[in-house]
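Me: I would like to go through this protein with you step by step, with each term explained as we meet it.

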Amino acid sequence: MKKPLLIVKNITHEAPGLIETALSDKDFTSHVVDLAAGDSFPDPRSYKAVVVLGGPQSANDLTPSMLMQLARIEVALQEEIPYLGICLGMQTLVKAGGGKVLKCPVQEIGFTDQEGEEYRMLLTAEGKEDPLFCGLSESIRVFQLHGETVELAAGMKLLASGRLCPIQAVKAGEKAYGLQCHAEMTLSMFLSWLALDADLKSMDRTALIEQFESFRHEYTATGIQLINNFLRISGLAHD
């Protein structure tokens, strides 16, 4: 029996989204746990690959749940289990691998910064060659929702940078990746976040929806491509 894919939610409303869309026609199973609902983070050695999603917590928290999460991710790194972390999931990857999580110089929220510039993830030379970004543009428009950033440990690679928050995509080891942006968001998820997230609630809801709709097709195609690339890297999917 094939080992399943583990998907870890840090907060209930930050769901797998486009990850589930990409998985819908794949011949393997996935197992979703919700740490905010009291689920535990299973031993990653029981899974073919691990995806850790975002949440309002900090990787610097000393709660039992966060300490367990960091310990589990450290095991995944040691065992070279394919890993994809999104937002908080990137920060926990870096922390578990010996890096640091720090306050972001400028909080990044939404689709544009305070000067109206689009948030973009710009691939580095290594990012352009990495299979995670196969078939994608060197400049990727993204959605942001974070107030912390990271300082990489020795040996970690920077795959993509941003104008205000320099570290946007990272790689630890051979098959462990982190994305600071949200590549998994669907429209229904976004609408729920607008009603639940304090930072988004303080912004112009109509403008945010219009911004998302203006490039949602591109955003969705990019997210699906990224996820499928990771599944191929993990050996869970094939061309």
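**Pockets and aromatic rings**

The second largest pocket is lined by K2, K3, K26, D27, F28, K48, G235, L236, A237 and H238. The model is a predicted one, in which local features need pLDDT of at least 70 and side-chain atom pairs count only at pLDDT 80 or more, while totals for chains, interfaces and linings use all residues. Residues are numbered from 1 along each chain as its sequence is written, and side-chain values use heavy atoms, with hydrogens and water left out.

Me: Which class supplies five residues to the lining of the second largest pocket?
Reply: A pocket here is an open set of points on a 1 Å grid over the protein atoms alone, where a 1.4 Å probe fits, with protein on both sides within 12 Å along at least five of seven lines, and lining residues have an atom within 4 Å of a point. Asp, Glu, Lys and Arg count as charged, Ala, Val, Leu, Ile, Met, Phe, Trp, Tyr, Cys and Pro as nonpolar, and the others, Gly among them, as polar. With three nonpolar and two polar residues in this lining, the class with five is charged.

Me: Which element gives the largest share of the lining of the largest pocket?
Reply: The largest pocket is lined by 19 residues, and α3 (88-96), β5 (100-110) and β8 (144-151) each supply at least two of them. Helices (H or I, at least four residues) and strands (E, at least two) are DSSP runs, numbered from the N terminus. The largest share, four residues, comes from β8.

Me: How many aromatic pairs does a search of the whole structure find?
Reply: Rings of Phe, Tyr and Trp (its six-membered ring) pair if their centres lie within 6.5 Å, and planes under 30 degrees apart count as stacked, over 60 as edge-to-face and the rest as tilted. A search of the whole structure gives a total of 10.

Me: Why is the pair of F111 and F190 edge-to-face?
Reply: The ring centres of F111 and F190 are 5.5 Å apart. Their planes stand at 70 degrees, so the pair counts as edge-to-face.

Me: Is F190 buried or exposed?
Reply: Buried means under 20% relative accessible area, exposed over 50%, and partly exposed in between (1.4 Å probe, protein chains only). F190 has a relative accessible area of 0%, so F190 is buried.
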